[in-house]
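Trainee: I have a new structure to learn. How should I read its features, one by one?
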Amino acid sequence: MNCPLSDTVPPTSPASPVSGPLPVAARRWPAEGFRRAPYWVYSDSDIYAREQAAIFRGASWHYLGLEVEVPEVGSFKSTYIGELPVIMTRADDGAVHAMLNRCAHRGNLVCREAFGRADKLNCVYHAWNYNLKGDLTFAAFRHGLRGEGGLPKDFQYAEHGLRKLRVATICGLVFATFDDQMPALEDWLGEVGDGIRRVCRGPLKVLGYDTQRIHANWKAYHENPRDSYHANILHTFYGTFGLSRQSQESGMVLDRSGRHVYFYTKANTDRDSADYQATASALRSHNDALTLEDPSILTWRDEFGDGISVQILTTYPSFVLHQIANSLATRQLLPKGPGQCDLVWTYFGFADDDEETTRMRLVQANLAGSAGMVSVEDAAVCEMIRRAVGDGATGESFIEMGGRDLDGGGNTKLSERAIRNFWHAYRQDMGL
Ligand code: FES
Ligand SMILES: [Fe+2]
């Protein structure tokens with residue numbers, strides 16, 4: 001595999017955790033394998049550095065944004081893959097391109113704005129200019145001045161462009177990778193691509209953004225939307241107001257590699273059963289006495305015509321696409337050190353939405369947005385886990401809901417199968 005940026009993988013054994021050295025024995029993965037996650041994996045700074053090389057600069061496709069965010073030739077957007085800054089552009093060939101946002105001269109940040117339009121990318125430090133594909137087109141004082149200075153005579157622009165990434169799109173979503181040997185994006189997504197095709201059914205329109213700083217390791221958040229089993233327990237709003245309950249028709253789909261997953265629920269399909277009743281009485285959400293003064297937030301339209309009220313889709317290692325009622329959003333997970341991460345939310349609708357539909361999507365951001373009635377609890381849980389785990393020197397999680405295997409157990413949402421598959425893939429990539 002061609003990983004030109006992955007040559008900085010630190011050794012696995014030396015420990016330099018957040019607070020004092022861990023005993024080497026504590027760095028050993030539990031014998032139960034993917035059915036356990038040792039808590040040092042969430043806090044260890046050596047592990048974090050290794051993830052940057054093996055996962056974020058390694059063999060994965062990473063979400064960058066929506067094609068519509070770079071709508072015309074000259075449009076650009078700045079973003080990240082892992083810790084590395086990346087520029088996404090629309091070049092004069094009409095295609096979306098991506099490159100490392102790091103000048104090929106002395107490493108300065110070339111693009112400093114979040115979004116914009118430009119006919120070239122200009123590094124302010126010494127005025128090296130690049131076109132929108134990342135090729136170097138100009139270097140100030142290349143030939144020196146009055147016979148002095150200048151770059152060597154054999155200096156070639158073609159050898160000093162920005163580091164280009166491979167780019168692929170699916171239904172208006174843009175992904176990129178540092179790995180030139182990656183399989184095609186749609187092959188990599190496998191069956192989970194169906195969940196993207198279902199939601200992103202036409203030209204998209206951005207409705208807004210927010211970025212949420214979560215004081216927890218990025219993997220704690222990544223586990224959360226793979227965890228179909230918490231949704232109807234933690235999120236009392238779902239159950240209380242019927243948007244998603246375990247008693248409703250639901251399912252979970254993983255791709256063959258187990259790296260990607262989506263799960264769904266169909267509102268108004270409740271089928272009662274004795275075991276559901278036995279559990280429901282213990283759920284915080286089982287409270288029929290609660291009502292809303294203004295129930296408009298619950299009004300939703302079955303716009304895809306299949307009755308699915310909630311679909312949460314996650315691709316390894318850092319992307320989420322949600323449909324919660326008519327709220328649609330992408331969530332891009334950006335690690336910011338072992339103990340915190342940013343979650344960048346992009347709320348969207350379709351270019352042909354009427355005003356009322358747009359308004360409905362925006363109202364539902366109060367339910368499904370980063371600070372919404374439902375989603376606010378996910379970050380809160382990640383941060384509570386961080387407090388409970390501390391420096392990670394002891395302990396491990398238990399991940400056996402729905403079985404002890406990577407597959408099997410049907411497609412029930414009452415399963416941690418997608419989390420077991422995450423840890424399986426993670427350990428493969430990390431050599432742990
Ligand atoms: S660092 Fe960019 S031109 Fe020198
Ligand atoms: Fe959740």
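Mentor: We will go through domains, cores, the metal site and some single residues. Keep in mind that this is a predicted model.

Trainee: Into which domains is the protein chain divided?

Mentor: There are domain 1 (62-170) and domain 2 (192-430). Their C-alpha centres lie 36 Å apart.

Trainee: How many residues of domain 1 are in contact with domain 2?

Mentor: On the domain 1 side there are 12, and they contact 17 residues of domain 2.

Trainee: What is the general idea behind a nonpolar core?

Mentor: In soluble globular proteins, nonpolar side chains tend to be buried together. Now the case here. The largest nonpolar core has 63 residues. W423 and Y426 touch the most other members. Helix α10 gives the largest share of this core, seven residues.

Trainee: Why does this core lie between the domains?

Mentor: Domain 1 and domain 2 both give residues to the core, so it lies between them.

Trainee: What does W423 touch, beyond its neighbours in sequence?

Mentor: Leave out residues up to four places away in sequence. Then W423 touches W29, F34, A37, V41, Y42, K219, E223 and I399. A second core lies apart from the largest one. That other core has 26 residues, including A168, V192, C200 and L328.

Trainee: V41 was in that list for W423. Is V41 buried or exposed?

Mentor: Buried means under 20% relative accessible area. V41 has 1% relative accessibility, so V41 counts as buried. V41 sits in the loop between β1 (36-38) and α1 (45-56). Beyond four places in sequence, its contacts are W29, I47, E51, N217, K219, W423 and Y426. Two of the names there, W423 and Y426, are the residues that touch the most other members of the largest core.

Trainee: How far apart are V41 and C341?

Mentor: In sequence, 300 residues separate V41 and C341. In space, they are 15 Å apart, C-alpha to C-alpha.

Trainee: Now the metal. Which residues are the protein donors of the iron ion (ligand 2)?

Mentor: Read the donor atoms and their distances. They are H230 (NE2), H235 (NE2), and D378, which is listed twice through OD. They lie 2.1 to 2.7 Å from the iron ion. In sequence, the donor residues are spaced H-x4-H-x142-D.

Trainee: Why does the pair of H235 and D378 tie together distant parts of the sequence?

Mentor: H235 lies in the loop between α5 (231-234) and α6 (236-240), and D378 in helix α9 (residues 376-389), so the pair joins parts that are 143 residues apart in sequence. H235 counts as buried, at 2% relative accessibility. D378 is buried too, at 6%.

Trainee: How do I read the angles at a metal?

Mentor: Start from the ideal. Four tetrahedral donors have ideal angles of 109.5 degrees. Here the angles among the four donor atoms run from 54 to 145°. The site of the iron ion (ligand 2) is irregular.

Trainee: Next, a polar contact. What does the side chain of N326 join?

Mentor: A polar contact of 3.1 Å links the side chains of N326 and E303. N326 is in the loop between β16 (319-324) and β17 (327-335). At 1% relative accessibility, N326 counts as buried. Beyond four places in sequence, N326 contacts T299, W300, R301, E303, M360, R361 and Q364.

Trainee: Is R404 buried or exposed?

Mentor: Exposed, at 52% relative accessibility. R404 lies in the loop between β19 (396-398) and α10 (417-430). Its side chain makes a polar contact of 2.8 Å with the side chain of E400. Leaving aside residues up to four places away, R404 touches F34, R35 and R420. R404 and E32 are 372 residues apart in sequence, yet 9.2 Å apart in space, C-alpha to C-alpha.

Trainee: Last, the backbone. Where is the cis peptide bond?

Mentor: The bond from Y316 to P317 is cis, with omega near -5°. P317 is in the loop between β15 (308-315) and β16.

Trainee: Which value does phi take at R146, and at N268?

Mentor: Phi of R146 is near 50°, a positive value in a residue other than glycine. R146 is exposed, at 76% relative accessibility. Phi of N268 is near 60°, again positive in a residue other than glycine. N268 is in the loop between β14 (261-266) and α7 (274-280). N268 counts as exposed, at 68%.

Conventions:
Residues numbered from 1 in each chain as written. Chains lettered and ligands numbered in written order. Predicted model: local features only at pLDDT ≥ 70, side-chain atom pairs only at ≥ 80, totals over all residues. Heavy atoms only, no water. Donors = N, O, S within 2.8 Å, 3.2 Å for Na, K, Ca; no water. Tetrahedral: all angles 85-135°; square planar, octahedral: opposite > 155°, others 65-115°. Helix = DSSP H or I, 4+ residues; strand = E, 2+ residues; numbered from the N terminus. Buried < 20%, exposed > 50% of the residue type's maximum accessible area, 1.4 Å probe, protein only. Contact = heavy atoms within 4.5 Å. Polar contact = N/O pair within 3.5 Å; in protein donor to acceptor, adjacent residues only side chain to side chain. Core = buried A, V, L, I, M, F, W, Y, C linked by side-chain atoms within 4.5 Å. Domains from an automatic or database assignment.
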